[in-house]
Amino acid sequence: MAQSSSCFAEVGVAGGHAALLALHSNPSLKFIGIDLGQRLRASWPPVNIYVPIVFKWFETRFPTRVKLYLMDAVDGLRQAVAERPFGSIDLLHLDAAKNSRVSELETAWPGLAGRCYLFQGDNKNGKVKESSNQLMAEGRARRVSSSRFQNFANANFDVLETGPDVAAGKVSLASLKDDRILLCVCHQDDETLFCGSTLAHLKDRADVTIVSFFRPAPNRKDTSTREAAMQRVCDSLGFQRVQFPFAVEPDHRRLRRFIQMPTGPEQTHPKIVRPLNRHPLFNLLEGSVFAMMQQFAPSTVITHNSVGEYGHIEHVLLHHAVSRAATRYKSARVLNFGVGLDKPDLLVPSCPYQKNRFFDEYMPQWNGRKIYDFALSDESFVNHNLSDPEV
């Protein structure tokens, strides 16, 4: 994490071991150290002697890369935030008092980057665990689920993501870096059509699994070629692909009994006219999505939206299935494709060269560039608030 951070702040420097490892791991990393340097208990080692020595050594060894505060945690954080010696803090280690972690984070909050990794030292302590649970319950922090860090496990510390953007649910391309992403689409081609440029941006930057839930519809020109085309797209990106064996409903006659698509200007959104869990495919879809979430532990899920983008009824069905599954899973934010919706929360610049290469995999049987006017435009996404009832 230090290798991908720019400013590391630590409360409880002690002997400086964590700081030294971080600074050597990343030559451009800057370090803010805060330690009271007083022996408050007789059982403690002589921190009043060695912490000032450690501070002096760091200032000599890294004269332009460290800023040290020999003071109380909250006071030191307050001064560091006021001075901002190295810009925003994107890596924070709290490793001093056990019962003031929330107040320490609140003090540091104005100086944090939009997304900041938070190390909670002394995690065995009940008060420390309680503070982590409180921050997550309040939406100010979330679990780190990046595949880059999936192998670390230590009973002595916990790691969370926090910061203003995390608390506000803001999403950006930068915030998707290192995420474990589950992309749920109905059909082979949807991954290219709605987020091909986004996938190109995330190549080698995120762990992405792409799942398609419907087999190719019969009697199409590309019925026998589209699965192989999607596999080639995923292979070129280095992303994993999963295909579920669900079938397309003939003419959607049964599905139209549950979802009424707009029939005029007065109806802007599809209307759910019967409980979707009575549809024979819905519970299969929701259960399969939930199983994928449990297996791959995504921090971000991307899928279709409530209007089916350009009015595709199967897209609407999968949207609701993913929403229900994500509500049960609780550990991932959900982004919906922005086509057909207003006010996107994320706009991703188009990568025409890369996206055209993905479209080429589906040629000559299918040419989405010609069919859809938005095919090569910038791609948009909307945050889906799972607490908002839709059906």
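Is glutamate 379 buried or exposed, and what is its relative accessible area? In the predicted model, glutamate 379 has a relative accessible area of 3%. Because the cut-off for burial is a relative accessible area under 20%, this residue counts as buried. Its setting is taken up again below, after the overall architecture and the elements of the sheets.

The protein comprises 391 residues, of which 51% are buried. Its secondary structure amounts to 14 helices and 16 strands. Taken along the principal axes, the box filled by the C-alpha atoms is roughly 80 × 40 × 35 Å. Contacts between residues at least 6 apart in sequence were also examined, and 75% of these join residues at least 24 apart.

An open sheet is formed by seven strands, arranged in the order 3-2-1-4-5-7-6 with mixed pairing. Strand 3 (66-69) and strand 6 (141-143) are the edge strands, each of them pairing on one side only. On average, and with direction ignored, neighbouring strands of this sheet are turned by 20° against each other. Within the sheet, strand 1 (residues 7-11) and strand 4 (residues 89-94) run parallel and are joined by four bridges. One residue of this pairing is alanine 9, whose bridge partner in strand 4 is leucine 92. Helix 3 (residues 73-83) packs on the sheet, where it touches strand 1, strand 2 (30-34) and strand 3. The direction of helix 3 makes about 140° with that of strand 3.

Helix 5 (residues 126-137) lies across strand 5 (112-121), strand 6 and strand 7 (157-162). Relative to strand 5, helix 5 runs at about 155°. Helix 4 (residues 101-108) is largely enclosed by the rest of the structure, because six of its eight residues are buried. The buried residues of helix 4 are Arg101, Val102, Glu104, Leu105, Thr107 and Ala108. They pack against strand 1, strand 4, strand 5 and strand 7, as well as against helix 3 and helix 5.

A further parallel pairing involves strand 9 (residues 207-214) and strand 10, which are linked over five bridges. In this pairing, isoleucine 210 stands opposite arginine 241 of strand 10. The connection from strand 9 to strand 10 passes through helix 9 (residues 226-237), and the resulting β-α-β crossover is right-handed. Strand 10 (residues 240-246) is mostly covered, with five of its seven residues buried.

Glutamate 379 is located in strand 16 (residues 379-384). Apart from neighbours within four places in sequence, its contacts include Thr192, Phe194, Cys195, Gly196, Ser197 and Thr198. Leu346, Leu347, Val348 and Lys355 are also in contact with glutamate 379. Two polar interactions accompany this packing. The side chain of glutamate 379 forms a polar contact of 2.7 Å with the side chain of lysine 355. In addition, a polar atom of the glutamate 379 side chain lies 3.0 Å from the backbone nitrogen of glycine 196. Alanine 325, which is 54 residues from glutamate 379 along the chain, has its C-alpha atom 25 Å from that of glutamate 379.

Strand 16 also contains histidine 384. With a relative accessibility of 12%, histidine 384 counts as buried. Its side chain is joined to that of serine 323 by a polar contact of 3.1 Å.

The structure contains zero disulfides. Cysteine 186 takes part in no disulfide, and the nearest cysteine sulfur, belonging to cysteine 184, is 9.9 Å away. Cysteine 186 is buried, at 0% relative accessibility. Cysteine 195 is likewise in no disulfide. For cysteine 195, the nearest cysteine sulfur is that of cysteine 234, at 10 Å. Because a disulfide requires cysteine sulfur atoms within 2.5 Å, the separation of 10 Å between the sulfurs of cysteine 195 and cysteine 234 does not qualify. Cysteine 195 is buried, with a relative accessible area of 1%, and is among the residues in contact with glutamate 379.

Note on methods: Residues are numbered from 1 along each chain as its sequence is written. This is a predicted model: local features need pLDDT of at least 70, side-chain atom pairs count only at pLDDT 80 or more; totals for chains, interfaces and linings use all residues. Side-chain values use heavy atoms; hydrogens and water are left out. Two strands pair if DSSP finds at least two bridges between them. Helices (H or I, at least four residues) and strands (E, at least two) are DSSP runs, numbered from the N terminus. Axes are lines fitted to C-alpha atoms, for helices over the stretch in contact, and angles run from 0 to 180 degrees between N-to-C directions. Contact means heavy atoms within 4.5 Å. Buried means under 20% relative accessible area, exposed over 50%, partly exposed in between (1.4 Å probe, protein chains only). A crossover is right-handed if, with the strands pointing away from the viewer, the path from the first strand over the helix to the second runs clockwise. A polar contact is a pair of N or O atoms within 3.5 Å; within protein, one must be able to donate a hydrogen and the other to accept it, and residues adjacent in sequence count only if both atoms are side-chain atoms.
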